[in-house]
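Q: I'm new to this one and would like a close look at a single part. Could you walk me through the salt bridges and how the residues in them sit?

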Amino acid sequence: MNKRMLGLILAFALLPGILFGLAETVEVSPDPDLLARFTYAVVGTPGGPLNMRRSGRLSSPIVSEIPNGATITVLSQEDGWCEVVYNGVTAYVTDKYLTFLDELPFEKLEKGSFGPAVLALKERLQELGYFRPGAVEMTIDYSVTTEDRVR
């Protein structure tokens with residue numbers, strides 16, 4: 001048997017192991033202080049959305065927009081500009097339209113929760129297509145159905 005044929009046989013014999021598990025498995029545990037590493041802010045513009053720019057200059061191209069009232073993650077702040085993350089986009093915004101938060105204004109929602117935050121969650125799930133319009137009564141109760149739609 002020639003060397004080329006032997007090489008092909010060896011490659012095909014090892015391929016499944018390489019693709020499906022010979023690599024060492026590394027378990028990553030979540031960092032409990034992850035949220036504490038970032039600053040958060042709420043966008044407050046006098047009118048429409050806040051422009052996200054490629055760099056911290058007014059002449060820099062706009063890459064996306066952040067709606068007024070949205071909560072964003074601030075990665076850094078320098079010379080009147082902040083590097084932020086919103087909807088998976090990282091870009092720069094001017095800091096004059098940001099109100100920095102001491103803590104996140106979120107609450108944990110789970111089965112048994114109730115109130116306006118649950119209704120807002122259901123409405124957003126409906127916008128995303130997880131509830132058909134009119135298929136379920138929009139109440140303030142976090143039900144089993146709500147739990148299923150979140151999953």
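A: Before zooming in, a word on what to trust. Over residues 5-32 the pLDDT stays under 50, and the model has four contacts beyond four places in sequence for that stretch. This is a predicted model, and the mean pLDDT of the protein is 76, with 72% of its residues reaching 70 or more.

Now to the part you asked about. The structure holds two salt bridges, and Arg-151 takes part in a bridge with Glu-147 and in another with Asp-148. In the pairing with Glu-147, the closest N and O atoms are 3.4 Å apart. For Asp-148, the closest N and O atoms lie 3.8 Å from each other. Both pairs count because the cut-off is a Lys or Arg side-chain nitrogen within 4 Å of a carboxyl oxygen of Asp or Glu. The general idea is simple: side chains of opposite charge can pair when their charged atoms come close.

Put together, Glu-147, Asp-148 and Arg-151 are linked in a network of salt bridges.

How do these residues sit? Arg-151 has a relative accessible area of 73%, so it is exposed. Glu-147 comes out at 22% relative accessibility, so it counts as partly exposed. Asp-148 is partly exposed too, with a relative accessible area of 39%. So the picture is an exposed Arg-151 bridged to a partly exposed Glu-147 and a partly exposed Asp-148.

Notes
Residues numbered from 1 in each chain as written. Predicted model: local features only at pLDDT ≥ 70, side-chain atom pairs only at ≥ 80, totals over all residues. Heavy atoms only, no water. pLDDT = per-residue confidence, 0-100. Contact = heavy atoms within 4.5 Å. Buried < 20%, exposed > 50% of the residue type's maximum accessible area, 1.4 Å probe, protein only.
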